[in-house]
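I opened this entry to keep track of what I looked up, beginning with the contact between the chains and then turning to one chain by itself.

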Amino acid sequence: MNLLDTLLRCVAALVVFLTFPLIIGQTEHKVMAHMQGRLGPMYAGGFHGWAQLVADGVKFAQKEDIVPADADRRIFQLAPAVSLLPYLFVLLVVPVGPHGFVGQAVDAGIFFVLAVMGVGVIGKLMAGWASANKFSLLGGLRTAAQLMSYELPMVLAAASAAMAAGTLSLTGIVDAFHWWWLPWQAIGAFVFFTSGIAELQRPPFDMPVADSEIIFGAYTEYTGLRFAFFLLSEYAGILVVCALTTVLFLGGWHGPLPDSLGWLWTILKTFALAFVVIWLRVTYPRLREDQLMRFAWTVLVPLALLQLALTGIIKVAISQ
Amino acid sequence: MSILAAAGSLAPATRGFLSPTGVEIVFVLVGLAVLGAAVISVGTKQLVHAALWLVVALGGLAIEFLLLTAEFVAWVQVLIYLGSVVVLVLFGLMLTKAPIGRSPDADSGNRWVALLVALAAAGTLVTLVVDAFRTSWIDLGSGGGSASVTGASLFRTWVLPFEALSVLLLAALVGAIVLSRSRQAAVPKPRPGKLRAGKPVGAARAAKSPSSERES
């Protein structure tokens with residue numbers, strides 16, 4: 001792999017990282033609006049308000065960048081970057097199509113992805129603590145508690161997919177996929193997707209940023225571009241979680257069309273899942289903190305363990 | 001060690017140490033950064049900064065693993081230490097409302113003893129490693145620390161220590177649960193009829209163990 005090739009792949013990942021979350025955000029505006037009997041943004045850009053998020057970006061860039069007087073200045077300013085960048089690195093290793101259509105194939109891909117996504121949490125904790133604000137601190141605490149409880153079922157569900165494929169590489173897992181994995185790994189897919197949404201603090205798991213209780217949790221004190229970075233990291237997170245669910249459980253580029261159009265399937269499945277994420281936001285009310293914890297420990301973890309056992313049994317049965 | 005053995009042979013030195021390759025230079029530089037971050041982490045008077053410098057030190061260690069081609073261990077290091085242990089530490093610090101700025105009581109009276117113990121431990125380890133390898137040269141081929149190699153050596157060669165460790169961890173877990181439960185059982189539950197106005201429910205409990213609640 002020469003330098004130009006590497007550079008090109010990095011730029012492609014960066015472009016995806018900068019555009020796809022915006023597309024998801026715009027979809028969220030429109031889908032939510034129509035589900036609630038509204039029109040959503042209609043003016044910016046002319047055609048159905050397609051440039052609304054560009055306008056939002058310009059607005060964020062113009063705003064004054066304020067750091068509260070009592071805040072821990074450097075950590076406060078560093079937090080958005082720590083929260084955002086991990087998702088970029090994850091996008092680099094997600095396989096899009098067959099025959100090396102991936103930013104950079106990593107041998108222990110699943111581990112890399114889960115590990116790097118865990119680092120983003122530290123950014124949110126930094127934001128919560130460094131803001132010197134009670135609501136931020138509470139938001140940070142809730143974030144930490146939520147992420148620690150949902151990390152376990154997520155890792156277990158991913159382990160089930162890795163066991164089924166017999167490899168830790170994301171490309172290898174998609175390669176090993178067969179259609180009957182769908183019923184076989186259905187529980188794992190549910191657990192992974194649900195805990196993924198919980199890790200992103202999307203509704204109905206948005207207790208850490210519950211606006212009616214603690215304003216906006218860890219992000220309360222942020223303005224301007226730094227706040228936009230946190231928002232972007234949420235939407236990039238949706239993209240990453242949906243893409244990972246696609247790759248691990250929905251067969252990635254496998255579909256009726258020839259292999260050369262495989263990337264289309266990956267993107268289609270990813271956006272279908274992103275639509276489900278938006279749908280869930282409009283459908284379910286926010287879970288209470290104790291309900292959140294109970295759901296993780298008494299529903300998701302046992303389900304993930306059940307899936308692991310099921311995977312093991314069938315795997316042994318097949319190989320004989 | 002079998003990971004290293006699988007990666008390359010322990011041949012006697014055929015290369016000089018005075019013409020380092022790029023990887024070796026990076027290894028030393030990252031090592032210096034890790035050392036610096038670790039020293040700051042111990043020495044700083046700002047509690048949360050200490051935890052964040054720990055992030056730098058542990059992340060640097062993961063890079064060192066990567067440079068040694070131990071890819072799997074590097075990601076596990078990030079997943080467990082950065083993603084879980086440091087988050088747990090930060091969680092604890094936030095629960096105790098760690099102040100922004102310097103904590104006046106951050107200095108322990110034991111620091112000189114701690115320094116002595118740390119130096120002794122580091123000296124022992126460095127002596128051990130230097131004595132074990134001397135001038136032998138390990139060729140690090142790519143893929144030597146991949147998941148399959150690590151898994152094979154862990155579950156073929158080192159399965160007994162691995163299982164013993166997991167039993168030890170399980171014992172610690174059970175012990176922690178037992179300890180936390182027995183303390184709760186010792187506190188009698190207040191009956192609704194006995195409550196008087198102006199006396200909070202947890203008052204008797206808080207008076208009994210003022211320190212234990214602050215610790216948790």
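**Contact between the chains**

I looked first at the contact, to which chain A brings 24 residues and chain B brings 20 residues. The model is a predicted one, and I read what follows with that in mind. On the side of chain A that touches chain B, the elements giving two or more residues are α4 (109-130) and α5 (134-165) of chain A. I then asked which element gives the most to that side, and found α4(A), with eleven residues. Sorting the side of chain A that touches chain B by class, I noted 18 nonpolar, two polar and four charged residues.

**Chain A by itself**

For the secondary structure of chain A I counted twelve helices and zero strands. The radius of gyration of chain A is 20 Å, close to the 20 Å that the globule rule gives for 320 residues, so I entered chain A as being as compact as a globular protein of that length. Along the principal axes, the C-alpha atoms of chain A fill a box of roughly 65 × 45 × 45 Å. Of the 320 residues in chain A, 50% are buried. I also looked up contacts in chain A between residues at least 6 apart in sequence, and 78% of these join residues at least 24 apart.

**Confidence**

I checked the mean pLDDT of chain A, which is 84, with 99% of its residues reaching 70 or more. Where in chain A is confidence lowest, and where is it highest? It is lowest in helix α9 (residues 211-214) of chain A, at a mean of 78, and highest in helix α8 (residues 186-200) of chain A, at 90.

Conventions
Residues numbered from 1 in each chain as written. Chains lettered and ligands numbered in written order. Predicted model: local features only at pLDDT ≥ 70, side-chain atom pairs only at ≥ 80, totals over all residues. pLDDT = per-residue confidence, 0-100. Helix = DSSP H or I, 4+ residues; strand = E, 2+ residues; numbered from the N terminus. Rg over C-alpha atoms; globule rule 2.2 N^0.38 Å. Buried ≥ 20, exposed ≤ 12 C-beta atoms within 10 Å, placed from the backbone. Contact = placed C-beta atoms within 7 Å. Nonpolar A, V, L, I, M, F, W, Y, C, P; charged D, E, K, R; others polar.
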